[in-house]
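Please look over the structure shown here. The report below covers its helices, its sheet and its ligand shell.

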Amino acid sequence: MGAGGPGDTGVGPRYEVSGASLECALRAHVAALSACRRCGFSDPAVVPVVSRARAPLVMLVGQAPGQVEIGASRPFAGRAGRTLFRWLARAGLDEAAARDQVYIAAITRCYPGPSPSGRGDRVPSPHEQELCASWLEAELELIKPALLIPVGRLAISRFLGPRPMHELVGRRHERPAADGGELARVIPLPHPSGASSWVNVPRNRALLNRSLALLGHEFRALGLTPALARV
Ligand code: SF4
């Protein structure tokens with residue numbers, strides 16, 4: 001197995017997983033990702049935040065970690081995470097189960113700093129997104145998730161294109177696998193941070209509820225939750 005390290009430029013890493021379990025492959029991937037410093041953030045505390053899931057069928061992809069996440073060394077550790085895990089619990093998966101069974105990735109993996117507007121975190125620049133993309137590509141290649149959950153506008157447009165959120169949230173989509181294998185189901189969620197007011201609009205709230213009901217169905221079909229779990 002090869003993996004991109006601190007000095008590489010964003011091309012790769014490439015993996016050969018035949019003969020290696022997903023768990024071993026992900027362990028090596030996460031070790032390489034944790035050492036990545038491609039973006040050259042000046043604060044030594046700003047390091048990649050990684051998922052703890054090692055045998056996932058599901059991937060969740062957010063935007064980028066916040067300051068709370070780098071302190072806690074786990075994704076969605078702050079207020080947005082509490083909202084996200086409350087949503088996933090409504091779909092039948094509590095936080096502990098979600099952290100174990102859902103690989104939590106992001107468009108970029110290091111805290112980008114505060115937004116110049118003072119509201120929320122800075123959106124990673126296109127250059128940072130490009131530098132970080134190979135980690136996500138490698139995870140998609142390794143995990144071949146049956147179900148993808150993009151969270152927030154940036155991640156949703158990465159998988160479903162730059163369409164309005166109300167056309168995408170509340171529906172189940174399909175995405176061809178890179179290797180021509182089985183289609184992955186894609187069920188988007190709005191970002192749970194308070195920085196976006198999208199979710200507070202009643203008609204959008206109804207779309208969120210539909211996404212959670214669809215997720216509950218998928219979690220049960222994948223055997224992640226009891227068959228009779230209610231959403
Ligand atoms: S944001 Fe991504 S590419 Fe940039 S240093 Fe962090 S892990 Fe590496």
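In this predicted model, helix α5 (residues 126-143) lies across β1 and β2 and runs at about 160° to β2. A second helix, α6 (residues 153-160), packs on the sheet and touches β1, β3, β4 and β5. The direction of α6 makes about 140° with that of β3.

The sheet is open and has five strands, in the order β2-β1-β3-β5-β4 with mixed pairing. At its edges stand β2 and β4 (173-175), each with a single partner strand, so one side of each is left without a neighbour in the sheet. On average, neighbouring strands are turned by 25° against each other, direction ignored.

Two of the pairings are set out here.

| Strands | Direction | Bridges | Opposite residues |
|---|---|---|---|
| β1 (residues 58-62) and β2 | parallel | five | Met59 and Tyr103 |
| β3 (residues 147-150) and β5 (residues 184-186) | parallel | two | Leu147 and Arg185 |

Is edge strand β2 covered or open? Strand β2 (residues 102-106) is mostly covered, with five of its five residues buried. Val102, Ile104 and Ala106 point one way, Tyr103 and Ala105 the other.

Now the ligand. Residues around it include Cys36, Cys39, Cys110 and Cys132. Arg37, Arg38, Arg109 and Glu128 are also among them. By class, the shell has six nonpolar, one polar and four charged residues.

Last, confidence. The mean pLDDT of the protein chain is 89, and 87% of its residues reach 70 or more. Residues 1-7 stay under 50. Where pLDDT is low, the predicted coordinates should not be read in detail.

Definitions and conventions:
Residues numbered from 1 in each chain as written. Predicted model: local features only at pLDDT ≥ 70, side-chain atom pairs only at ≥ 80, totals over all residues. Near = placed C-beta within 6 Å. Nonpolar A, V, L, I, M, F, W, Y, C, P; charged D, E, K, R; others polar. pLDDT = per-residue confidence, 0-100. Contact = placed C-beta atoms within 7 Å. Buried ≥ 20, exposed ≤ 12 C-beta atoms within 10 Å, placed from the backbone. Helix = DSSP H or I, 4+ residues; strand = E, 2+ residues; numbered from the N terminus. Pairing = 2+ DSSP bridges. Axes fitted to C-alpha atoms, helices over the stretch in contact; angles between N-to-C directions.
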